[in-house]
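Let's take a stroll through this model, one spot at a time. Have a look at the sequence and the fold before reading on.

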Amino acid sequence: MEQEDIQVVAFEIILHSGTARTTIHDAFKNMREENYEIAFEQLEDANEEITLAHQSQTELLQKYASGESINMEIIMVHAQDHLMTTMTLKEVASEMLHLYKKVNETA
């Protein structure tokens, strides 16, 4: 696989995970403002972006698994890190949404 192709995949991952991260932070804002339905929808939107990033990653892994030689670049390492931290942030945000709702119900 050409270095340019790897860079394109890396930037696709960064783009989609970055969009997801921004959407998650918007969801946190809506949680604080008790706009839970909007926050839920934003987390769903973020999940769609994460899925797109993950698809780009999977295509690369499939090529590697089929025996194609892939030279990793630092941008791909950064992209992977970006995606994994965004996925973790999304999981935390989903839990926080439940907590915000529960606290609001008991208040």
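Is Lys29 buried, partly exposed or exposed? Lys29 is partly exposed, with a relative accessible area of 42%. Keep in mind that this is a predicted model.

**The salt bridge**

Lys29 pairs up with Glu33 in a salt bridge, and the closest N and O atoms sit 3.1 Å apart. That falls within the 4 Å cut-off, so the pair counts. Glu33 is partly exposed as well, at 43% relative accessible area. The total for the model is one salt bridge.

**Around Arg32**

Arg32 belongs to helix H1, which covers residues 3-32. With a relative accessible area of 54%, Arg32 is exposed. Now jump along the chain to Tyr100: 68 residues separate Arg32 and Tyr100 in sequence, yet their C-alpha atoms are 7.7 Å apart in space.

**Patches on the surface**

There's a negative patch to look at, made up of Glu37, Glu41, Glu44, Asp45 and Glu48. Glu37, one of its members, lies in helix H2, which spans residues 36-65. Glu37 has a relative accessible area of 52%, and because the exposed class starts over 50%, Glu37 is called exposed.

A nonpolar surface patch turns up too: Met72, Ile74 and Val77 make it, and together they offer about 330 Å² of accessible area. Val77 sits in helix H3 and is partly exposed, at 46% relative accessible area.

**A buried threonine**

Which residues does Thr86 touch, leaving aside its neighbours within four places in sequence? The contacts are Ser17, Ala20, Arg21, Ile24 and Ile50. Thr86 is found in helix H3, running over residues 74-106. Its relative accessibility is 0%, and since buried means under 20%, Thr86 goes in the buried class.

**Side by side**

Here are the accessibility values for the residues discussed above.

| Residue | Relative accessible area | Class |
|---|---|---|
| Lys29 | 42% | partly exposed |
| Arg32 | 54% | exposed |
| Glu33 | 43% | partly exposed |
| Glu37 | 52% | exposed |
| Val77 | 46% | partly exposed |
| Thr86 | 0% | buried |

When you go back to the 3D view, try picking out Thr86 in helix H3 along with its contacts, including Ile24 and Ile50. Then turn to Val77, also placed in helix H3, which forms a nonpolar patch on the surface with Met72 and Ile74.

Methods: Residues numbered from 1 in each chain as written. Predicted model: local features only at pLDDT ≥ 70, side-chain atom pairs only at ≥ 80, totals over all residues. Heavy atoms only, no water. Salt bridge = Lys/Arg side-chain N within 4 Å of Asp/Glu carboxyl O. Buried < 20%, exposed > 50% of the residue type's maximum accessible area, 1.4 Å probe, protein only. Patch = residues over 30% accessible without salt bridge, like charges linked within 9 Å, V, L, I, M, F, W, Y side chains within 5 Å. Areas by Shrake-Rupley, 256 points an atom, 1.4 Å probe, with all protein chains shown as cover. Lys, Arg positive; Asp, Glu negative; His and termini not counted. Charge placed at Lys NZ, Arg CZ, Asp CG, Glu CD. Helix = DSSP H or I, 4+ residues; strand = E, 2+ residues; numbered from the N terminus. Contact = heavy atoms within 4.5 Å.
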